[in-house]
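Q: Please take a close look at the sheet in this structure and at what can be said about its strands. An account of some of the helices and individual residues elsewhere in the chain would also be welcome.

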Amino acid sequence: MSDNSQFSFGAATGVGSMPGEDVREAVKTVTGTFEDFPFLPELPARGPGADMIGRTAGMLVELYARVEPSGWRIGDRPGRDTRRARSWLREDLDALEEFTQGYEGALKVQAVGPWTLAAQLELKNGEAALSDPGACRDLAASLAEGLRLHLAEVARRVPGARIVLQLDEPSLTAVLRGRVPTASGYRTHRAVDRQIVEAGLREVMAAHDGGPVVVHSCAPGVPFALLRRAGAAGISFDFSMLTERDDEAIGEAVEGGTRLLAGVVAGTDRPLSDPAGSVMGVRTLWRRLGLQPGLLAQAVTVAPACGLAGASPAYARRALAHCVRAAKSLADDPE
């Protein structure tokens, strides 16, 4: 899979979603804030098809989904929901192309990973695709093919970009622990075997042929070791969710060259501390693990804890700028 040592991640970036409905304004903010690691923003406030499940469902090849009262459901043919999702993505890519003229460097694009998609997309009977191993396999294959096409389109529009693919997997821990509820809500789907989960992730990561893949989850219990085995070059997480039980896995990840995208800035409006204070916990973790302070800037990218869709536009701008300043603090004073 990808070799992180050959790739320069930026010092700070965002997770994906932004508030509002004006994609040009969002892309302008992102590209103006992150000079070396911008990302393609997602604007779920526009409605179904701009949400993360609908957006990724629109990328699927030979699988289609539509909105039902209970959520997104797999259907037989592309309908207006699929067309709307694809139209918004084209609009977003137009804005990205406009604001990245001449850009050379890391550029992140996001899609929902195969297991969160399987947990959230319904089959015709109303149950999650997760309930059917064959449907999970079909979904992973369709997603991988759709991502190949999407990544090729991004590369065509921003030819100087070194693309980072982020797979959003907030439901991954629930899938592994058998905590995804059934349609009735009275039971949960059985846990999926870790080897099957790993194989599904590896198949989808292979869509970014040789390029770095980051997996993001803002849930507790991120399976760091499994994600590294599957080929993740970076892992993005809510730093406040870590416990000392995660120490060993994080230490091994850093020593193995895995990039940590540490979510240290709140995703919804609240007072921001000074930039150095925001990364105090990262420094403390480093000391606890006995890692060299000089490794910090090489191993950590500073980010919000989760997407910013629920924030006010003014806070979202401040939060992203705060990530940049916090990353500079980490680089200038790692101890």
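A: The answer below begins with the sheet, then turns to a loop residue, a helix residue and two helix pairs. The model is a predicted one.

The sheet is an open one, formed by six strands. Their order is S3-S4-S5-S6-S7-S8, and the pairing is parallel. Strand S3 (105-112) and strand S8 (300-304) stand at the edges. Each of these two has a single partner strand, so one side of each is left without a neighbour in the sheet. On average, and with direction ignored, neighbouring strands of this sheet are turned by 25° against each other. As background, the strands of a sheet pair through backbone hydrogen bonds, either parallel or antiparallel.

Two of the pairings can be followed in detail. Strand S4 (residues 161-168) runs parallel to strand S5 (residues 213-217), and four bridges join them. Leu165 has Val213 of S5 as its bridge partner. Strand S6 (residues 234-238) and S7 also run parallel, and five bridges join this pair. Here Ser236 has Leu261 of S7 as its bridge partner. Strand S7 (residues 259-265) has six of its seven residues buried, so it is largely enclosed by the rest of the structure.

A loop residue comes next. Val222 is found in the loop between S5 and helix H8 (224-230). Its relative accessibility is 10%, and Val222 therefore counts as buried, the cut-off being under 20%. Leaving out residues up to four places away in sequence, Val222 touches Thr173, Ser217, Leu227, Ile235 and Phe237. The C-alpha atom of Val222 is separated by 8.6 Å from that of Leu242, and the two residues are 20 residues apart along the chain.

A residue in a helix can be described in a similar way. Thr56 belongs to helix H2 (residues 52-57). Thr56 has a relative accessible area of 1% and is buried. When neighbours within four places in sequence are set aside, Thr56 is in contact with Ala111, Val112, Leu117 and Leu143. Ala111 and Val112 fall within the residue range of the edge strand S3 (105-112).

Two helix pairs complete the account. Helix H3 (residues 80-99) and helix H5 (residues 133-157) have axes that come within 10 Å and cross at roughly 30°. That angle makes H3 roughly parallel to H5, because angles under 35 degrees count as such. The crossing in which H3 passes H5 is right-handed. On the side of H3, the contact is made by Leu89, Arg90, Leu93, Asp94 and Glu97. On the side of H5, His150, Glu153, Val154 and Arg157 take part. Sorted by class, this contact of H3 with H5 has three nonpolar, one polar and five charged residues.

Helix H1 (residues 23-33) packs with helix H13 (residues 313-332) at an angle of about 15°, the axes being 10 Å apart. The angle makes H1 roughly parallel to H13. The crossing of H1 and H13 is right-handed. H1 contributes Thr29, Val30 and Thr33 to the contact, while H13 contributes Arg317, Leu320, Ala321 and Val324. By class, the contact of H1 with H13 has four nonpolar, two polar and one charged residues.

Conventions: Residues are numbered from 1 along each chain as its sequence is written. This is a predicted model: local features need pLDDT of at least 70, side-chain atom pairs count only at pLDDT 80 or more; totals for chains, interfaces and linings use all residues. Side-chain values use heavy atoms; hydrogens and water are left out. Axes are lines fitted to C-alpha atoms, for helices over the stretch in contact, and angles run from 0 to 180 degrees between N-to-C directions. Angles under 35 degrees count as roughly parallel, over 145 as roughly antiparallel, 65 to 115 as roughly perpendicular and the rest as oblique. A crossing is left-handed if the near helix is turned anticlockwise from the far one by less than a right angle, and right-handed if clockwise. Contact means heavy atoms within 4.5 Å. Ala, Val, Leu, Ile, Met, Phe, Trp, Tyr, Cys and Pro count as nonpolar, Asp, Glu, Lys and Arg as charged, and the others, Gly among them, as polar. Two strands pair if DSSP finds at least two bridges between them. Buried means under 20% relative accessible area, exposed over 50%, partly exposed in between (1.4 Å probe, protein chains only).
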